[in-house]
Amino acid sequence: MSPERVVVNPMPAILQNKPYRVGRSSTGLGLFATKPIKKGAKIIRYFGPLLDSKKKKDDAIENKYLFELNGRWTIDGSIRENVARYINHACKPNAESDVKPRKRKVFIRAIKDIGPGEEINYDYGTDYFKAYLKPIGCKCEACEKKRKKKRAEARADRLRLKEKAERKAQKKAEKLAEAKKQAREELQGKPQEKALQAKAKKTKTLNGKANGRHPNGDGRPTPADDMPAGAEARIAEPATLDAPRRDGTAIAL
Ligand SMILES: [Zn+2]
């Protein structure tokens, strides 16, 4: 391959005429369909050096691209040529890993019709999920959707609680305002009541006079009771409403 060719077409030869390309995904890079892929179709092979767990050197290798075929054999998919390593995990995937342990081969196969532009993904399995995805939170579409729904529900809950608190606060404020109003009315009402009571007393007093009863009108014995009839007549004479003071005057007499 000449350097010019690389400049003109930077896409690796392995990707030419394939129904996929490497592209940006929500979590970094991913593999995307460029052509329609039928359900059941082999998309790409997941490949790399075979590691033998019986060999100490092989068994010591640790990376995120190890694909365990069985108890003994593992594919080390971390090599650059293994384009399938770009395929991201999904909990509700559109492809699966088709493992052929005897052939020691793995193919990624479509389990749904995949349209151009769609990201290809498969379920990495429980062990990988537990080791690598659960601690950071799976970013697959299904999990993001779930998270989004949960966030929306939490938002709705918060809003409901806020509205409830606001309603409660408003009710409290209304109650307080009502109590204040009542207190104000009572305060304003008292002098009025006093005035009314005073007026009523005066009226009673006058009525008492008219009935020929004692000016203080409440029948309580007062020093005036001991007064001679003439004195009482003299007290009652002036047409004044100021009866209690007149009583006082009468005492002075
Ligand atoms: Zn997920």
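**View 1. Cys-91, partly exposed at 32% relative accessibility, is one of the residues around the zinc ion of this predicted model.** Cys-91 counts as partly exposed because its relative accessibility of 32% falls between the limits of 20% and 50%. Cys-138, by contrast, counts as buried because its relative accessibility is 5%, and Cys-143 is likewise buried. The protein donors of the zinc ion are the SG atoms of Cys-91, Cys-138, Cys-140 and Cys-143, which lie 2.3 to 2.4 Å from the ion. The site is tetrahedral, with angles of 104 to 114° among the 4 donor atoms. Along the chain, the donors of the zinc ion follow the spacing C-x46-C-x1-C-x2-C, and the structure as a whole holds 0 disulfides.

**View 2. The largest nonpolar core of the model is made up of 21 residues.** Within this core, the residues with the most contacts are Ile-43, Ile-44, Ile-87 and Ile-120. At least two residues of the core are supplied by each of the strands β2 (28-33), β3 (42-46), β6 (73-76), β9 (105-110) and β10 (119-122). Another core, of 6 residues, lies apart from the largest one and includes Ala-90, Leu-133, Cys-138 and Cys-140; of these, Cys-138 and Cys-140 also appear among the protein donors of the zinc ion. In soluble globular proteins, nonpolar side chains tend to be buried together.

**View 3. Ile-120 is shown with residues that it contacts beyond its neighbours within four places in sequence.** Once those neighbours are left aside, the contacts of Ile-120 include Tyr-20, Leu-31, Phe-32, Ala-33 and Ile-37, together with Ile-43 and Ile-87. Ile-120 is also in contact with Asn-88, Asn-94, Ala-95 and Ile-114. Ile-43 and Ile-87, both in contact with Ile-120, are themselves listed with Ile-120 among the residues having the most contacts inside the largest nonpolar core.

**View 4. Strand β1 (residues 20-25) and strand β2 run antiparallel and are joined by 6 bridges.** A hairpin of 2 residues connects β1 to β2, and Ser-25 has Gly-28 of β2 as its bridge partner. Val-22 has Leu-31 of β2 as its bridge partner, and Leu-31 is also one of the residues in contact with Ile-120. Strand β2 is further joined to β10 by 2 bridges, and these two strands likewise run antiparallel. The bridge partner of Phe-32 in β10 is Glu-119, while Phe-32 is itself in contact with Ile-120.

**View 5. Arg-104 has a positive phi of about 55° although it is not a glycine.** This residue lies in the loop between β8 (95-100) and β9. Arg-104 counts as partly exposed because its relative accessibility is 33%.

**View 6. The whole protein chain, with 6 helices and 10 strands, gives the setting for the close-up views.** The protein chain has 253 residues, of which 26% count as buried. Among the contacts in the protein chain with a separation of 6 or more, 58% are accounted for by residues 24 or more positions apart.

Technical notes:
Residues numbered from 1 in each chain as written. Predicted model: local features only at pLDDT ≥ 70, side-chain atom pairs only at ≥ 80, totals over all residues. Heavy atoms only, no water. Donors = N, O, S within 2.8 Å, 3.2 Å for Na, K, Ca; no water. Tetrahedral: all angles 85-135°; square planar, octahedral: opposite > 155°, others 65-115°. Buried < 20%, exposed > 50% of the residue type's maximum accessible area, 1.4 Å probe, protein only. Disulfide = S-S within 2.5 Å. Core = buried A, V, L, I, M, F, W, Y, C linked by side-chain atoms within 4.5 Å. Helix = DSSP H or I, 4+ residues; strand = E, 2+ residues; numbered from the N terminus. Contact = heavy atoms within 4.5 Å. Pairing = 2+ DSSP bridges.
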